[in-house]
Amino acid sequence: MDNSRYDRQSVFSKIGADGQLTLSRSRVVVIGVGALGTVIASELARAGVGFLRLIDRDYAELTNLQRQTLFDEADAAQGAPKALAAAEHLKKINSGIEIEPVVADFNVTNAEKLIRDVDLVLDGSDNAAARYLINDACRKLGKPWVYGGAIGSTGAVMSFLPDGACFRCLFPAAQNSGESCATVGVLNSLTAIAASMQVTDALKILLKSPALDRRYREFDIWNNSIDAIEVAQNPDCPCCAEGRFEFLNAPFTNNSVSLCGRDAYQVAGNGAVDLDALAEKLRAVGTVRHGEYTLVFEGAAANFTLFPDGRAIIKNVKSAQSALSLYSEYIGA
Ligand SMILES: [Zn+2]
């Protein structure tokens, strides 16, 4: 195939033709295809990373378009699953690589399976629970991963390799500031910078470059600060020192989880749902949009998006309990 599209990388001496070949043989998973994940996926696809798995449980909305670079107004209007919309978009940009979209919640039931066959894991998630799970799974399977975070005007990035400190060494417990991008906002220039730093780390890891910066880097692009901190391995770390993977080994609760920064909960459900049959029933009690991949329901007392695997995102609810009751009322037990 014509590799001239990669000229600007292969003439860059730190990559070269050999490095480009390595990238073409590399396999990367991006967990979360939102503000960080769309930029990460776009840059990795354009850079010619040979295999990309894009995992996301959510669907596109108008409020995403400010910073999530792989979706357009049509995706938002349809409520297209983000993983699929991102993959469709990227296939038009680089048809020479393999892109595998996965519309699913990344959780204890699938974490190891989804990262076992890749070289590197990129964090595009928006919550601590996902990151602790990524950390456990990567450490257990000996995979490197690149953390990224962004809120307001503050971003942070760190690469975790199997032979160094892990995410739990950096943050022994989840830090709950009570803030989210929905309440304090986030700049699109920040998410692009943080994601691009993750991608730069990713290229260095894939190419085994000694230039990789293994420090924790935190920056505030509005208040003009940048810090880099060495993170030592904690000799008492349950994950990387003791090999106890508490997040990965936690029992899966077929329950509802809050989605970051939204009055929305995800309910896992009990397996596949016949969307056609359900759409017929729901039309009696509200508006149904049954797209190619999702069923969107808007009624007087409930709003949700349902996926074929039975998973639903219930909107405008304040508690896990109300999400579960609406699920059983409208979708089934
Ligand atoms: Zn650790």
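**Exercise 1.** Find which residues Pro162 touches, not counting residues up to four places away in sequence, and decide where Pro162 is placed.

*Solution.* Leaving out residues up to four places away in sequence, Pro162 touches Arg139, Gly142 and Pro144, where two residues are in contact if their C-beta atoms, placed from the backbone, lie within 7 Å. The model is a predicted one, in which local features need pLDDT of at least 70 and side-chain atom pairs count only at pLDDT 80 or more, while totals for chains, interfaces and linings use all residues. Residues are numbered from 1 along each chain as its sequence is written.

Next, locate Pro162 in the loop between strand 6 (154–160) and helix 8 (167–170); helices (H or I, at least four residues) and strands (E, at least two) are DSSP runs, numbered from the N terminus. Pro162 is partly exposed, because 14 other C-beta atoms lie within 10 Å; a residue is buried if 20 or more other C-beta atoms lie within 10 Å of its own, exposed if 12 or fewer, and partly exposed in between. Finally, Pro162 and Cys240, which are 78 residues apart in sequence, are 8.4 Å apart in space from C-alpha to C-alpha.

**Exercise 2.** Determine how helix 3 packs with helix 5 and with helix 10.

*Solution.* Begin with helix 3 (residues 35–47) and helix 5 (residues 82–93), whose axes come within 10 Å and cross at roughly 25 degrees; axes are lines fitted to C-alpha atoms, for helices over the stretch in contact, and angles run from 0 to 180 degrees between N-to-C directions. Helix 3 and helix 5 are therefore roughly parallel to each other, given that angles under 35 degrees count as roughly parallel, over 145 as roughly antiparallel, 65 to 115 as roughly perpendicular and the rest as oblique. The contact is made by Thr38, Ala41, Ser42, Ala45 and Arg46 of helix 3 together with Ala86, Leu90 and Ile93 of helix 5.

Turn then to helix 10, which packs with helix 3 at an angle of about 45 degrees, the axes being 8 Å apart, and this makes helix 3 oblique to helix 10. Among the residues that make this contact are Leu36, Val39 and Ile40 of helix 3 and Ala195, Val199 and Leu203 of helix 10.

**Exercise 3.** Describe the largest nonpolar core and explain why it lies between two domains.

*Solution.* A nonpolar core is a set of buried Ala, Val, Leu, Ile, Met, Phe, Trp, Tyr and Cys residues joined through C-beta atoms within 7 Å. The largest one has 93 residues, of which Val30, Ala41, Leu54 and Ile314 touch the most other members. Helix 10 (residues 188–206) gives the most to this core, with ten residues. Domain 1 (4–229) and domain 2 (256–330) both give residues to this core, so it lies between them; the domain bounds come from an automatic or database domain assignment. Not counting residues up to four places away in sequence, Val30 touches Gly37, Ile40, Ala41, Leu52, Leu54, Ile55, Leu122 and Gly124.

As a last step, consider the two domains, whose C-alpha centres lie 28 Å apart. Their contact takes 15 residues from domain 1 and 13 residues from domain 2.

**Exercise 4.** Work out whether Asn224 is buried or exposed.

*Solution.* Asn224 is found in the loop between strand 7 (216–220) and strand 8 (225–229). It is exposed, because 8 other C-beta atoms lie within 10 Å. Although Asn224 is not a glycine, it has a positive phi of about 60 degrees.
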